Amino acid sequence: MNPGDRVRLTREGRTHEGVLMPATTAERAVLKLDGGYNVGIDREGAELEVVETGVHDVGGADASESSQVAFDEELPTIALVSTGGTIASTVDYRTGAVTARFDAEDVLQAVPDLAGRANYRGRVVANILSENMTPDVWQELAQAVHEEIEQGADGVVVMHGTDTMQFSASALAFMLDTPVPVVFTGSQRSADRPSSDNVMNAVCAVEAAKSDCAEVMVCMHASDSDGRCALHRGTQVRKNHTSRRDAFETIGGTPLGHVDYGNGEIKFHEEHRERDAADLALASALETDVELVKFTPGTSERFLDVAEGSAGLVLEGTGLGHVHTDWIPRIEELIDGGTTVVMTSQCLSGRVCDRVYDTGRDLLDAGVIEAEDTLPGTAKVKLMWALANEDDVAGAMSTSLAGECTERSVPAESLVDGGRMQ
């Protein structure tokens, strides 16, 4: 029997029927079931029967066909930079777990729909699941993206695991001034699943990387159907569901735009930096000794001891930016000891304003810095960057540097029509 044959396999009283797929070891048979899922079964003690030969044309496990796409001088050049994650993953049939194994060129081979859309070059920065992402990898990634743009890439697609994608996108948004689009994308469901979102996300990300929006963006499904992808600003996006394909949302606003999967058309809804409006620049220094602490009722102020001696602390407070009053003396001690303390809100939308209630005023008197409506995770990344690159950290944290917070609304200076706002 050969890969592509339809086979029936019986082992320990259970029977599976499907198309035989290439396997990494001779001891294991891999079947593509009719429902679209793959299953790996030990051959030892199993009965194998060929039902039909040559049902599908399936390459071998060590298929050597090139993933290079012929260069077309009429097409833009897109750099595919891989860090791992589900979009570039395979299944370990011994454990059933998804592992990051493919490099950028493997993705080209796995997503033939990318052909003819651009010229590609691939680069692997890391091959990790995103829960293992670290600030030093952010720095390597920013350097790699900078080099790709410096060498003439018209856009960059970063393939990344979804769990921490929002943090990495924020990091690059602060580290890089980019004249071309930098688009993060990933996959909520691995390629062996019939509901995988890897193809559509990759195709839409490439189309976004060809656009005129020169910002760091996240490109993922806009809904649970395969209609279009949303383009989220990298500093305003949050993963809001563990497994849905449309898990990512822009918080406090609307996505920058959408990409139609069918025709590749892109519509932008928000103001954005245009292609070539900025000169390429890199500022990748980070102060990594920064903590993020979430306040909840009943949590002791002793919990703040984790930030003792740290360079920075981001607090995720309630409402307008509050913590229990018992926390305030300990916060003041941290600030007096040299820790920069920044306040955000655990509310999904809205601006921190510690001038409304007594607790907030006491926090400001203690030296806490308001982060406006910046998301807590983004604020942590921004503080890491600001401590290493800005002289006025307080001013930087209350100012939008990469679209992470909106301008504060102020009343009009004049009233007309009998006191009504103009």
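Which residues in H5 meet which residues in H6? The close-up views below answer this and describe other parts of the chain.

The structure is a predicted model, in which local features need pLDDT of at least 70 and side-chain atom pairs count only at pLDDT 80 or more, while totals for chains, interfaces and linings use all residues. Residues are numbered from 1 along each chain as its sequence is written, and side-chain values use heavy atoms, with hydrogens and water left out.

**View A. Packing of helix H5 (residues 327-336) against helix H6 (residues 358-366).** Ile328, Ile331, Glu332 and Ile335 in H5 meet Thr359, Asp362, Leu363 and Ala366 in H6; contact means heavy atoms within 4.5 Å. Helices (H or I, at least four residues) and strands (E, at least two) are DSSP runs, numbered from the N terminus. Two packed helices are described by the angle between their axes and the distance between the axes. For H5 and H6 the angle is about 20 degrees and the axes are 9 Å apart. Axes are lines fitted to C-alpha atoms, for helices over the stretch in contact, and angles run from 0 to 180 degrees between N-to-C directions. H5 and H6 are therefore roughly parallel to each other (angles under 35 degrees count as roughly parallel). Their crossing is right-handed, that is, the near helix is turned clockwise from the far one by less than a right angle.

**View B. An open sheet of 5 strands with antiparallel pairing.** The order of the strands is E4-E3-E2-E1-E5. Strand E4 (38-42) and strand E5 (47-52) are the edge strands, and each pairs on one side only. From one strand to the next, the twist averages 45 degrees. Two strands pair if DSSP finds at least two bridges between them. Strand E1 (residues 6-11) and strand E2 (residues 14-21) pair in the antiparallel sense over 6 bridges. Glutamate 17 in E2 is the bridge partner of arginine 8.

**View C. Surroundings of threonine 162 in the loop between strand E10 (155-159) and helix H3 (165-175).** Threonine 162 is buried (under 20% relative accessible area, 1.4 Å probe, protein chains only), with a value of 7%. Not counting residues up to four places away in sequence, threonine 162 touches Ser130, Gly186, Ser187, Gln188, Met220, Lys239 and Phe248.

**View D. Aspartate 224 in the loop between strand E13 (216-221) and strand E14 (228-233).** Aspartate 224 is partly exposed (from 20% to 50%), with a relative accessible area of 33%. The C-alpha atoms of aspartate 224 and alanine 247 are separated by 8.8 Å, although these residues are 23 residues apart along the chain.

Key
Angles under 35 degrees count as roughly parallel, over 145 as roughly antiparallel, 65 to 115 as roughly perpendicular and the rest as oblique.
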